[in-house]
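Dear colleague,

I am passing on to you the structure we spoke of, with the sequence alongside. Please look through both before reading the notes that follow.

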Amino acid sequence: MDTIALVPNNSLITETPEEGRQLAVKLARLIVKLTQPDEEKRKQLREVYGNDAMMLIAIGQTVATEFATIAAANNYWKELGNA
């Protein structure tokens, strides 16, 4: 299996909240890729979770948790004057 960098560039620091949100989505996707390394199987499973409201809510919760971690790491972007 290829090595997957679970934290791109080894940092959670982002310039803006929007970049933080994009990073949160990327981190969630990387966890799925690590958990299910078979690309074909992931494609098959998209049909299942893409049509299941509870699974989609769970995905949203995963991204929200990642984003909360990133926001805290960035001191909620207060130091950048975005608050």
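To begin with a residue outside the helices, Thr14 is found in the segment that comes before α1, and please keep in mind throughout that the model is a predicted one. With a relative accessible area of 9%, under the 20% limit, Thr14 counts as buried. Its side chain makes a polar contact of 3.2 Å with the side chain of Trp77, and a polar atom of the Thr14 side chain also lies 3.1 Å from the backbone oxygen of Thr16.

Helix α1 itself covers residues 17-35, and its 19 residues, at 1.5 Å a residue, should span 27 Å, which agrees with the 27 Å between its end C-alpha atoms. The buried residues in α1 are Gly20, Leu23, Ala24, Leu27, Ala28 and Leu30. Viewed down the helix axis, the buried residues fall within an arc of 160 degrees, so they line one face of α1. These buried residues pack against α3, which runs over residues 53-73.

The largest nonpolar core is made up of nine residues, namely Leu23, Ala24, Leu27, Ala28, Leu30, Val63, Ile70, Ala71 and Trp77. Both α1 and α3 supply at least two residues of this core, with the largest share, five residues, coming from α1. Leaving aside residues up to four places away in sequence, Leu23 touches Pro8, Ser11, Leu12, Thr14 and Ile70, and Leu23 and Ile70 are both listed in the core.

With best wishes

How values were computed. Residues numbered from 1 in each chain as written. Predicted model: local features only at pLDDT ≥ 70, side-chain atom pairs only at ≥ 80, totals over all residues. Heavy atoms only, no water. Helix = DSSP H or I, 4+ residues; strand = E, 2+ residues; numbered from the N terminus. Expected span 1.5 Å × (residues − 1). Buried < 20%, exposed > 50% of the residue type's maximum accessible area, 1.4 Å probe, protein only. Arc of directions from axis to C-beta. Contact = heavy atoms within 4.5 Å. Polar contact = N/O pair within 3.5 Å; in protein donor to acceptor, adjacent residues only side chain to side chain. Core = buried A, V, L, I, M, F, W, Y, C linked by side-chain atoms within 4.5 Å.
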